[in-house]
Amino acid sequence: MSGLVGDPARQANDSLRGYIYQILRSVIVWLNLTDKEELYLEGAEDLDRISDGEALTEQVKDTRGSGNVTLRTASVIDAINHFWEHTERNPGTKLYFRYLTTSGVGVEKSAPFGAGRGGIALWNEAAKAPESNNAEKLAASLTSFLLTEGTVGQPVRDFLSNATPHEILSRLIIPIEWVTGQKDGKALVRQIKDRLVTHGAATGVAPADAETAFDALYTAAFDAAAQKDEIPLNRAQFLRIFAGATAIQLPK
């Protein structure tokens, strides 16, 4: 017996794989939370890591099969626009934005930044060394490109047209991080299980038992993303789930 033959163009394999990847990434971030942080799923973006007066919102994409990303990629432009919208909606919060993808970083067609030089790579270079002599030159080059392309939203264009290179660095380039070439879902599963084994070792739980917490954590993250009920994931919840998955319950 076999399944029906469907239209490949309508199949949701890529979307399903992307959602699974997002949940796995959520679990990894969850395991890294401090006692003072909370993780909201499907909030402003796929993941919102919140602490007192500060937030890191993260967009997660498993798009390796779609090729490299550049400053002309539609989802990259959307990310820039979304970051700007988030800052306008949350003026009292120090906001950072991370675009994380399994795709590599590419070079824009016609090499507007020079042979072998991609805009995303230059963006990260400027953000990592904003005090360097070259940072404001890079900011000016990126600004010129974005304005010439005209693909970012009007609020971003208005800002770029009137701000100094220093302001563009501090308010747009530094807060946005482009993380490319990330490992696939199978690697994330291994990473999560390694973290569970390490945590278990510190609390006297055998490796095989520690790994059993994986399913419970994945389910909890999936439920948090699906329900969107503004109940965050935190470290205390992780500890409870880990203990419940690795302990043996006996009647009184």
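**Two pockets and their linings**

Trainee: How do the residues of the lining of the second largest pocket divide into nonpolar, polar and charged?

Mentor: They divide into six nonpolar, three polar and three charged residues. Please keep in mind that this is a predicted model.

Trainee: What volume does the second largest pocket have?

Mentor: Its volume is about 180 Å³.

Trainee: And which residues line that second largest pocket?

Mentor: The lining consists of Phe-83, Trp-84, Thr-87, Glu-88, Thr-93, Lys-94, Leu-95, Tyr-96, Ser-170, Arg-171, Ile-174 and Pro-175. Two or more residues of this lining come from each of helix H2 (74-89), strand E4 (94-101) and helix H6 (165-173).

Trainee: Which element gives the most to it?

Mentor: Helix H2 does, with four residues in the lining of the second largest pocket.

Trainee: Changing topic: how much space lies in the largest pocket?

Mentor: The largest pocket holds about 320 Å³ of space. It is lined by 25 residues, and those closest to its centre are Tyr-40, Gly-43, Ala-44, Asp-48 and Ile-50.

Trainee: Which elements give two or more residues to the lining there?

Mentor: Strand E1 (38-41), strand E2 (47-51) and strand E3 (54-61) do so in the largest pocket.

Trainee: Which element gives the most to that lining?

Mentor: Strand E3 gives the most to the lining of the largest pocket, namely four residues.

Trainee: How do the residues of the lining of the largest pocket divide?

Mentor: Nonpolar residues number 12, polar residues seven and charged residues six in the lining of the largest pocket.

Methods:
Residues are numbered from 1 along each chain as its sequence is written. This is a predicted model: local features need pLDDT of at least 70, side-chain atom pairs count only at pLDDT 80 or more; totals for chains, interfaces and linings use all residues. Side-chain values use heavy atoms; hydrogens and water are left out. On a 1 Å grid over the protein atoms alone, a cavity is a set of points where a 1.4 Å probe fits but cannot get out, and a pocket is an open set with protein on both sides within 12 Å along at least five of seven lines; lining residues have an atom within 4 Å of a point. Grid points are joined across faces, edges and corners, and a volume is the space filled by probe spheres set on the points. Ala, Val, Leu, Ile, Met, Phe, Trp, Tyr, Cys and Pro count as nonpolar, Asp, Glu, Lys and Arg as charged, and the others, Gly among them, as polar.
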